[in-house]
Number of protein chains: 2
Amino acid sequence: MRIAEPTVERLVQYIRYLERCREAGKRVISSQEIGDGLGIKASQVRKDLSYFGEIGKRGVGYNVEKLYGHLNTIFAPPKTWKIAMIGIGNLGEALLGYKAFESDKFRIVALFDIDPAKIGRKIHGIPCYDVEDMPQVLNDEGVEVLIITTPSSAAQDVVDKATESVPIKGILNFAPTTLVVPEHIILYNVDIFVELEKLLFYIKLKEMGGNIWG
Amino acid sequence: MRIAEPTVERLVQYIRYLERCREAGKRVISSQEIGDGLGIKASQVRKDLSYFGEIGKRGVGYNVEKLYGHLNTIFAPPKTWKIAMIGIGNLGEALLGYKAFESDKFRIVALFDIDPAKIGRKIHGIPCYDVEDMPQVLNDEGVEVLIITTPSSAAQDVVDKATESVPIKGILNFAPTTLVVPEHIILYNVDIFVELEKLLFYIKLKEMGGNIWG
DNA sequence: GCGTGTGAAAAGATTCACAGCC
DNA sequence: GGCTGTGAATCTTTTCACACGC
């Protein structure tokens, strides 16, 4: 089955929202309530959920526990993914200590940097290696997913180096640059710079009454 | 004029790419080259750029300097935006030291936290205030944009508190939760959790040969 | 010949509206 | 009566294909 990317994005939000409902002791929820809580139209919620069969009850709503479990099954990994993080600066370290990065879906098994002060040490309990040794370590550890937190200038290089010798499946890129990767690798970007620029652009556009040229 | 959101996202990337071409001494560039460098179709590049009038030369391409200047004008703010950051934990501090956050488009004028060890001090040269004093300080400083880097549990509360008493125009949210804000406020999310989940989901889907149920 | 600019076609995503079940 | 599930309609975004200027 094909599931559109915007749908997947919302499904993740539904899981997160249901988690909260569950903890709050809610047993049943309607598409309207979910939508209101996430700023999404009720009809959109229903369509998204309908892709996985009839999971709600007409006239009643969705059983919170059942829906939560259902969605979690969909997102359950076939195994614990092994991830490596490349570039352990401020941002990388902040992410390692970040609770949104704690999950039983994956384990960060290796860090890489060029700073001799970091190489050979453990950071947040994870060993940090020299970027030079990357292909070797990635292969030994069976890493399939990369998190890129290097400066922009280094990002494309390390990705090229890693992907040419290791069967990497996906990359999450935090470097504020656009990476070009082989077709078979799935790439997602968390681009702080772009998001901020978009925000400021639309604020400007609104102030200008829709006229870009001021 | 109306410019679609995906277009704005690409325009920001074009600026960044042209900056690099410019530094590399490139004078003229084609839509094909831009597209290849960013993983975008040439026809898409041309359509995006055509919204702003005929800026290229047929049979030749685009003048790098001219196109760069043109796009920069479009994104130039009417004034330097004043931004406040709320929640100065690992992620917030990392962002403050991050070079993608250095721009002449805005200035971060105030930080907020609940930690007494941080309140009253300067962090990266910016004064940190008590969250309790937020409405007051935001008004005094004329802040129009918020960056939310609090834990998820606090994010909606601080946003509600800030937006009810101050004319906030936009919010960039890093908390891994979905915020609901008044209609007139522009909200962008940088949701690490969602991006990672999407990536892992699509890797799984590929491994399963497109069959979610494994 | 080469590469832009652009209307028209295709593809993709959201919203509507209502039948069907509780 | 209330709320889901879903085909059909609408709206949005991308891609095509070719006329036009260098």
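**Exercise 1. Which strand oxygen lies 3.1 Å from a polar side-chain atom of Arg58(B)****?**

Step 1. Fix the rule: a polar contact here is a pair of N or O atoms within 3.5 Å.
Step 2. Look at DNA strand C. A sugar or linking oxygen of DNA strand C lies 3.1 Å from the polar side-chain atom of Arg58(B).
Step 3. Turn to chain A. The backbone of Arg58(A) has an N or O atom 2.9 Å from a sugar or linking oxygen of DNA strand C.
Step 4. Check a base. A side-chain N or O atom of Arg46(A) is 3.4 Å from a base nitrogen of DNA strand C.

Some ground rules. This model is predicted: local features need pLDDT of at least 70, side-chain atom pairs count only at pLDDT 80 or more, and totals for chains, interfaces and linings use all residues. Residues are numbered from 1 along each chain as its sequence is written, chains are lettered from A and ligands numbered from 1 in the order in which they are written, and side-chain values use heavy atoms, with hydrogens and water left out.

**Exercise 2. Describe the surface near DNA strand C****.**

Step 1. Define "near": a residue has a heavy atom within 4 Å of the strand.
Step 2. List the nearest. Of 26 residues around DNA strand C, Ser31(B), Ile55(B), Gly56(B), Gly59(B) and Tyr62(B) come nearest.
Step 3. Sort the atoms. Of the atoms of DNA strand C within 4 Å of the protein, 64% belong to sugar and phosphate.
Step 4. Find the main supplier. α3(A) gives the largest share of this surface, four residues. Helices are DSSP runs (H or I, at least four residues) and strands are E runs of at least two, numbered from the N terminus.

**Exercise 3. Which bases of DNA strand D meet the backbone of Gly59 in chains A and B****?**

Step 1. Take chain A. A backbone N or O atom of Gly59(A) is 2.9 Å from a base oxygen of DNA strand D.
Step 2. Take chain B. A polar backbone atom of Gly59(B) is 2.9 Å from a base nitrogen of DNA strand D.
Step 3. Add a side chain. Gln44(B) has a side-chain N or O atom 3.2 Å from a sugar or linking oxygen of this strand, D.
Step 4. Name the top helix. α3(B) gives the most to the surface near DNA strand D, with four residues.

**Exercise 4. In what order do the seven strands of the open sheet in chain A run****?**

Step 1. Read the order: β5-β6-β4-β3-β7-β8-β9, with mixed pairing. Two strands pair if DSSP finds at least two bridges between them.
Step 2. Find the edges. β5 (122-123) and β9 (186-189) of chain A each pair on one side only.

Definitions and conventions
Polar contact = N/O pair within 3.5 Å; in protein donor to acceptor, adjacent residues only side chain to side chain. Nonpolar A, V, L, I, M, F, W, Y, C, P; charged D, E, K, R; others polar.
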